[in-house]
Amino acid sequence: MPRLAPLCLLAACLGSAVQAADPLPVEIVTATAVLPLRTYALTGEIAARDEIAAAFPVAGRLIEVLVREGDRVAAGDVLARLDPVQQQQALRSAEAGLASAQADETQAQGDFTRLDALFERGATTRAERDAAEDSLKAAAGALARAQAELEQAQKALRDTTLSAPQEATIIDRLAEDGQVVGAAQPVFDLALGGDMEAVFDVPEVLLTKSIGAATVTLHTLNEPDDIFTGTIREVSPLVASDTGTVAVKVAIPNPPARLDLGEAVRGEVSFEAEGEVVQLPWQALSAIGDAPAVWRLTPEGDVDLVPVTIDSFATQYLTVSDGLSPGDRIVGQGAQLLFPGRNVIDVNTLSAEEGE
């Protein structure tokens with residue numbers, strides 16, 4: 001303990017000397033309450049408003065693929081064809097079956113007409129007449145079945161040709177010539193019509209604040225000065241388990257003619273935050289332990305370290321949501337040189353005095 005007395009005395013002397021020294025020139029800023037304008041920017045992708053997958057209803061081997069990604073097609077345009085050998089054979093068999101059923105029905109009709117006339121004249125028995133009628137009904141049923149089989153064979157042959165359901169753009173080609181595809185296996189992804197939207201994967205934390213039907217400012221990465229706008233159309237109710245993001249779709253009512261599907265796009269949305277905050281230069285930030293703090297000027301001309309709650313950080317400033325009041329005078333540049341009770345003077349005051 002006796003050895004510590006000289007050290008304590010020295011520290012007290014140094015502290016008194018520093019306090020008695022000339023005030024330290026620092027930048028003094030006045031805390032002012034503001035409603036900050038928050039801006040969020042993300043990169044997304046241009047997608048079609050309505051998309052469908054085009055597929056063959058039957059399985060087979062592709063013999064012809066006629067379109068590629070980016071091609072525009074009209075309703076009814078042929079996109080691809082399957083090898084139709086089996087369907088053609090089935091069609092010929094159905095046609096032959098129909099011809100045979102028609103002949104049988106014609107013969108049964110003739111037999112029934114002849115026996116019905118003989119029965120009316122009493123030249124034959126009712127049993128023979130009823131047997132002919134039964135044969136006619138059976139032949140009519142066989143004819144109907146043959147007609148259905150022919151229609152089914154014709155449809156199966158038509159199904160080997162894949163056509164565009166309406167005007168569309170090919171987004172993706174999922175199969176190549178010679179590939180065997182199954183029934184309902186997607187062969188193309190189609191964008192229907194000309195409506196476009198921008199799709200963004202937004203971090204879940206950004207959606208904790210309501211942004212409503214905010215207007216989104218958009219531009220492509222290749223042409224950042226060519227601006228167009230959109231509005232938020234849909235926010236997915238699900239959070240992606242692998243990325244922790246939420247899909248947000250932005251409708252583009254009047255997409256530029258140069259805009260292409262799959263193109264990267266930058267989106268920005270700005271809105272006023274809820275509640276007033278105090279905005280300070282980032283140089284004002286200090287700390288008490290692990291907690292943020294700032295140096296506040298007292299009426300006596302010295303400073304105290306005040307704990308604050310940081311609302312957000314920006315490039316050149318930070319915003320404080322709690323711990324300060326409008327009108328408080330805070331040290332900006334020079335805050336790193338201070339300690340409690342240090343006398344300071346505003347550099348702006350010195351400059352004004354030197355100018356006089």
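Here are legends for five views of one predicted model.

**About the model.** Residues are numbered from 1 along each chain as its sequence is written, and side-chain values use heavy atoms, with hydrogens and water left out. Because the model is predicted, local features need pLDDT of at least 70 and side-chain atom pairs count only at pLDDT 80 or more, while totals for chains, interfaces and linings use all residues.

**View 1. The whole protein has 4 helices and 23 strands.** Helices (H or I, at least four residues) and strands (E, at least two) are DSSP runs, numbered from the N terminus. Of the 356 residues, 32% count as buried, meaning under 20% relative accessible area (exposed is over 50%, partly exposed in between; 1.4 Å probe, protein chains only).

**View 2. The largest nonpolar core has 20 residues.** A nonpolar core is a set of buried Ala, Val, Leu, Ile, Met, Phe, Trp, Tyr and Cys residues joined through side-chain atoms within 4.5 Å. Look for Phe56, Leu62, Leu79, Leu162, Phe188 and Leu190, which have the most contacts inside this core. Strand 5 (60-65), strand 7 (78-82), strand 9 (168-173) and strand 11 (186-203) each chip in at least two residues, and strand 11 has the largest share, 4 residues. There's also a second, separate core of 14 residues, with Ala198, Phe200, Ile232 and Leu259 among them.

**View 3. Zoom in on Phe188 and its contacts.** Contact means heavy atoms within 4.5 Å. Skipping neighbours within four places in sequence, the partners of Phe188 include Ile52, Val65, Leu79, Leu162, Ile170 and Arg173.

**View 4. Helix 3 runs through residues 126-158.** With 33 residues at 1.5 Å each, helix 3 should span 48 Å, and its end C-alpha atoms are 48 Å apart, so the two agree. (The expected span is 1.5 Å times one less than the number of residues.) Its buried residues are Arg129, Ala132, Leu136, Ala139, Leu143, Ala146, Leu150 and Ala153. Helix 2 (85-120) is part of what covers them.

**View 5. The largest pocket has a volume of about 320 Å³.** On a 1 Å grid over the protein atoms alone, a pocket is an open set of points where a 1.4 Å probe fits, with protein on both sides within 12 Å along at least five of seven lines; lining residues have an atom within 4 Å of a point. Of the 22 lining residues, Thr169, Ala191, Met196, Asp260 and Leu261 are the closest to the centre. Strand 11 gives the most to the lining, with 6 residues.

Methods:
Grid points are joined across faces, edges and corners, and a volume is the space filled by probe spheres set on the points.
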